[in-house]
Amino acid sequence: MTLADESFMRLALEQARLAERQGEVPVGALLVADGVVRAQGFNQPISTHDPSAHAEIVTLRRAAQKLDNHRLPGTTLYVTLEPCLMCVGALVLARVSRVVYGVPEPKTGALESLLDAQRLPLNHRFEVESGVLADECRQLLVEFFRARRPE
């Protein structure tokens with residue numbers, strides 16, 4: 001983990017807070033290339049009525065449109081929560097080079113928790129770094145669900 005990783009994860013946390021303010025599960029993401037944020041996004045499946053509108057997918061879509069390419073090699077995706085299988089599939093198809101996430105997702109995480117999709121015979125692999133600002137990422141999620149679920 002580098003200082004740049006922490007800095008970019010703080011920006012992803014800002015995106016997660018935007019999701020929370022809209023009543024969405026607070027997950028934020030951003031895509032970086034050459035040290036520059038190319039796109040960012042947050043969870044929006046509830047407000048958009050789109051089950052695929054996870055922070056990672058929203059961010060990849062924006063980056064692909066901005067960069068005018070469906071392939072995003074040489075990029076790093078920062079996301080506050082471990083990606084699910086759908087998002088890992090999109091990361092593979094986009095040819096993202098590196099994924100940095102904050103906290104594991106025990107129910108749907110597809111990089112270490114539920115399964116390790118990188119062990120599947122996929123046509124692309126990316127570097128994975130986990131645990132970046134994990135305490136802050138976890139706390140945001142814990143507080144969000146605590147406020148919505150009865151004791």
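**View 1. The β1-β2 hairpin, where strand β1 (residues 28-33) runs antiparallel to strand β2 (residues 36-42) over 6 bridges.** This is a predicted model, so local features need pLDDT of at least 70 and side-chain atom pairs count only at pLDDT 80 or more, while totals for chains, interfaces and linings use all residues. Residues are numbered from 1 along each chain as its sequence is written, and side-chain values use heavy atoms, with hydrogens and water left out. Strands pair here if DSSP finds at least two bridges between them. Strands (E, at least two residues) and helices (H or I, at least four) are DSSP runs, numbered from the N terminus. In the hairpin, alanine 33 of the pair sits opposite valine 36 in β2. The turn has 2 residues between the strands, and aspartate 34 in that turn shows a positive phi of about 55°.

**View 2. Strand β3 and its two partners, β1 and β4.** On one side, β1 and β3 run antiparallel, joined by 5 bridges. Alanine 33 turns up again here, this time opposite threonine 75 in β3. The β3-β4 pairing is parallel, also with 5 bridges, and it puts threonine 76 opposite arginine 98 in β4. How many residues of β3 are buried? The count is 7 of the 7, so β3 is largely enclosed by the rest of the structure. Buried means under 20% relative accessible area, exposed means over 50%, and partly exposed is in between (1.4 Å probe, protein chains only).

**View 3. Helix α4 (residues 85-94) and what its buried residues pack against.** The buried set in α4 is Cys87, Val88, Ala90, Leu91, Val92 and Ala94. These buried residues pack against α3, β3 (75-81) and β4 (98-103), with contact meaning heavy atoms within 4.5 Å. An α-helix has 3.6 residues a turn, so residues three or four places apart point the same way. Just after α4 comes arginine 95, with a positive phi near 65°.

**View 4. Two loop residues with positive phi, histidine 49 and leucine 133.** Most residues other than glycine have a negative phi. Histidine 49 is not a glycine, yet its phi is positive, about 55°. Look for histidine 49 in the loop between α2 (45-48) and α3 (55-67). Leucine 133 also has a positive phi, near 55°, and lies in the loop between β5 (127-130) and α5 (134-148). Which way does each go, buried or exposed? Histidine 49 counts as exposed, at 71% relative accessibility, whereas leucine 133 is buried, at 9% relative accessible area.

**View 5. Stepping back to the whole chain, with its 5 helices and 5 strands.** Along the sequence, the elements come in the pattern α-β-β-α-α-β-α-β-β-α. The radius of gyration is 14 Å, close to the 15 Å that the globule rule gives for 151 residues, so the chain is as compact as a globular protein of that length. That radius is taken over C-alpha atoms, and the rule is 2.2 Å times the number of residues to the power 0.38. The C-alpha atoms fill a box of roughly 45 × 35 × 30 Å along the principal axes. Buried residues make up 48% of the 151 in the chain. Of the contacts with a separation of 6 or more, 57% link residues 24 or more positions apart.
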